[in-house]
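Grab a pencil and work through these exercises with the structure open beside you. Each one has a task and then a solution in steps.

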Amino acid sequence: MKILDYLKNHIVYMDGGMGTLLQKQGLKPGELPERWNISHPDIITDIHKTYYDAGSNIVTSNTFGANCLKFEEEELEEIVKAALENARRAAQESKGTQEKFVALDIGPSGKLLKPFGNFAFEDEVEVYAKTIRLGVKYGADLILIETMNDSYDTKAALLAAKENSALPVFVSNAYGEDGKLMTGASPAAMVAMLEGMHADVIGVNCSLGPKQLAGVVKEYLQYASVPVIVMPNAGLPRSENGKTVYDVHSEEFSEDVVSFIKDGVRVAGGCCGTTPEYIRAVVEKTKDLEPVLITEKEHTMVSSYTHAVVFEDSPVLIGERINPTGKKAFKEALRKSDIDYILGEGIAQQDRGVHILDVNVGLPEIDEKAMLEQVTYELQAIIDLPLQIDTTDIAAMEAALRIYNGKAMINSVNGKEEVMEQIFPLVQKYGGLVVCLTLDEDGIPDSAEKRIEIAEKIIRKAAEYGIGKKDLIFDTLAMTVSADKNAALATLQSLRTIKNELGCHTSLGVSNVSFGLPNREIITSVFFTLAMENGLSAAIMNPKSNEMMKAYYAFRALHGLDDNCADYIEKIGEYVTIPAAAQAAGGAGTAASSSSATASANGQAGAGQASFSGQTGAFAGQNLSGKESITELQRAIVKGLKEQAATLTAKLIETEDPLKIVNDQVIPALDIVGQGFEKKTMYLPQLLMSAEAAQCAFEKIKEQMAKGASKSVSRGKFVIATVRGDIHDIGKNIVKLILENYGFDVIDLGKDVPPEKIVQAVVEQNVPLVGLSALMTTTVPAMEETIKLLRKEAPWVKVAVGGAVLTQEYADSIGADFYGKDAMATVRYAVQAV
Amino acid sequence: MTEQIIYIEKYDTNDIKLVHDAEVWRYAGYKGIPGQDETELLDLFKKVKAETLPVLSYKVCYRRMDLSWDGDRPVLPFGQEPKEFVSKDLARCIRGCHQIVLFAATIGMGIDRLILRNQRTEITKALLMQALGAERIEALCDTFCEKLAEEFGKDGLIMTPRFSPGYGDLPLDTQKDFFRLLDCNRKIGIALNDSLLMTPSKSVTAIFGIRKLCPEERVNGVKNKNKMENGSRMENKNEMENKSGMEIRNIEEIHENKCDRCNNTACEFRQQEERKK
């Protein structure tokens, strides 16, 4: 019998701990237990056999750490082969009459994936794939992925299992006392991702005793539509007369596990500290129990690496701002691969309170696949909201879904056969909640009836791929009301029908409705309200619009979705703007004072950008207390007042040449701080605050320059990177910011950058200066290698190095041109070098 | 006795000593503490604390092992062949000890995410978070060591200062042994990459020795306690922030011809030990 068939009508028993038992047999601290499959096959077989004798249906092979990172390929194969043979032999030798299966055990590789670690996702998939292929070759009945404490790593392992075998896959995660994985995922988030990827059984093991796992188990049972597995520890270990004992004995353990089984858990076993005695006790107590029927849960969910967003009564907000359509600055950012700009849009929307971010980076002249993959990767490194991947490029869609750490929203499919046949296989493989547009080969139907027909067609087609209604969300397409007076009505009517009659969730890109009309926000927000009233589950919307946010919070308060109107009271203040008249009055005062201050500064610093060193001299005698001699903008920059710096610059621009502001005000202000830093009257935090304030001023100046004909002046290009192997780059980012302040066009290659990539950037763009950062003695060799390669391929380039472990001596020995002891030193060098 | 158990300790924020502001500023490259007129900076620091402290999760895993000696050389479970492993600095640090404790400590991934996010948008904040993290992981190590010292004290035992891979002549490569022996990834979620960098970045691994108090110490207290244990950590953290070597010299002074325990040249206990050797 196959394990999944057996599982349909039975409670399945796993085995218990292996490590503790091996230690008793003499396994030494730090010794690799997997080698015992070969060196001590009888002991391993015997342990497996005692579990089968105790009633286990599934015994897990002794391969927890069997991977190609720990073992050479030949030895790995020997180990997996021996491990499965040992388990198989135990099954044959056991007197137990129950159904017996052998699971290939897969534990975490111990590597942390990028961006927090430096192991690539695809490399991790391959690490697991190697062991899994061996498991298939040597006859495992199923794969058990267990003790995973990182959602991303779990995804890599599950993907490897699905791509390299047809075996059933059980996936079990290790939760901490806070009910989260080590990297932050909640049980609901894991259920969403793992079910989406079609794991056959999902659940929890290790870390905690059964009592502490109760909350996590409950959440699994609430959301999971597949069988749930639970394998707790026997509590916590302690030492008694030199022996390791655990504080939860078999009686208490089995009682707790029995109650899990009564609640619906279908696969039960033990982890650290449990022995055959524990399993026997569980089997004894439950052998006559009827297994609880597994039911399909109707939760529509997406997830990030931390949490799930469940589509329920309260509408979900999907931020629309990461999208170049109609946005000049965004397009420019895409062309220049300015990821920070895109991340800024993401952060701003999260701060405004959206639940999901739509991600669309399509532009004809860029490589959308590479860009979408990179943006997805970068966004999920710093923002914990689920993403909605929005593209018509199937290759880009797959690339993004593959590296996405969770269950994404997919935007979109429609009634066209061809599109469904492209998208649904991706959903089947990677999971996802699919936005379904109610249009087909004939375009967008005018009538609600037609749109519903298309919806039904999509539901049927999705079912062929095993995708249920709960993973489809219908967009009945908001059309421009200025072009067709009935457009909004048709949209709303079909929305209502799909919600009520087909029982599906709905979403709308609401902003379209007001296209071509003045004061669009008013129409859009009222339409949004009407749509919510008609059952809208999610809106793709602009969270920067106060009108939209007001409508959202008011709707929730009026619809019984906001207890005591608490959210409304807390949030609404943020979205009520100060009357325009009051704002203007305040602004006028600022402008007047700043322009008079400017006049006094102009006389002083006429040197301009080109003569940087001359300016330095002119400002040498200044300090913060010289109030008379510094302008208001300069003061704002020196003091690190970001908003003030931006406002003052905006005002100055009205009357002055942007370039003059840079040369006469911003650069001198930066110099004051730079010199203070060098003289140790100011410190790094102050240097950075000023740099940030200057950045705000530059933003305003750039905006102005983009409008007018005046070209921005660059001091030249500067490639900056943290070398291969190094994964922390705050130091590099500090230098980057200061360099930008001083007018350099910085090409930031990021962290953990291989020498070839640095050389490539330098050569392709004919860059005169490179800055390399290394943090560890272990990565300085990579720095040296990079310099060598640069000398060969780009002999013109000057190389500055910096980082915690470097010294002048060290820098000399690896052939650098300059050792930057801090950010200012590097800037001074760069200025002088060009 | 050598124990098989790797213990895990988790701490609440309340268990760890309060944030030492001056220490954080020092890590951030600021000399002293910003004055009252530095309102921007002080406000930012407040914000940083409010955002960062709640995401920290203080965890330590450790293991206690017997230590045997081959003459002056401790037989440590490091390297390919433990019997050949030599680190003179570490040997000096744990001289006279019969047991060692290996531990790994971390304040979790949450702060790394915050730093990563903020260095894209507000780098000063990221810098202060970085500094706060550096201060917090040290505070965690101090708390952990103090609590253990208290326990050991009850049994008449005393701990040496902690000593980390990469410090003095203890190769950074020893990180691999710590990870092998402590199962850090599984126990408290620290990963080690090929460059021997730990993630979460605010993590520390270290070893210290445990020895018996000599009779003199039992009566008169540990004379060199301050010198030995007051702030004398020999660490190589991820960022290598404190690489002074000062502490090592202290230890050398202590050990010259003096009893390891009471710092007395003519200690009987020491002479007995010498004879045994």
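**Rings and helices**

Over all chains, the structure holds 19 aromatic pairs. This is a predicted model: local features need pLDDT of at least 70, side-chain atom pairs count only at pLDDT 80 or more, and totals for chains, interfaces and linings use all residues. Residues are numbered from 1 along each chain as its sequence is written, chains are lettered from A and ligands numbered from 1 in written order, and side-chain values use heavy atoms, with hydrogens and water left out.

**Exercise 1.** Classify the ring pair A:Phe330 and A:Tyr341.

*Step 1.* Rings of Phe, Tyr and Trp (its six-membered ring) pair if their centres lie within 6.5 Å; planes under 30 degrees apart are stacked, over 60 edge-to-face, the rest tilted.

*Step 2.* Here the centres are 5.9 Å apart and the planes sit at 80°, so the pair is edge-to-face.

*Step 3.* Now place the rings: A:Phe330 is in helix α12 and A:Tyr341 in helix α13, 11 residues apart. (Helices are DSSP runs of H or I, at least four residues, numbered from the N terminus.)

**Exercise 2.** Is A:Phe330 buried or exposed?

*Step 1.* Buried means under 20% relative accessible area, exposed over 50%, partly exposed in between (1.4 Å probe, protein chains only).

*Step 2.* A:Phe330 has 0% relative accessibility, so it's buried. Its partner A:Tyr341, at 30%, counts as partly exposed.

**Exercise 3.** Do the same for B:Trp25 and B:Phe45.

*Step 1.* Their centres are 4.9 Å apart and their planes at 55°, so this pair is tilted.

*Step 2.* B:Trp25 counts as buried at 1%, and B:Phe45 counts as buried at 4%.

Key
Helices (H or I, at least four residues) and strands (E, at least two) are DSSP runs, numbered from the N terminus.
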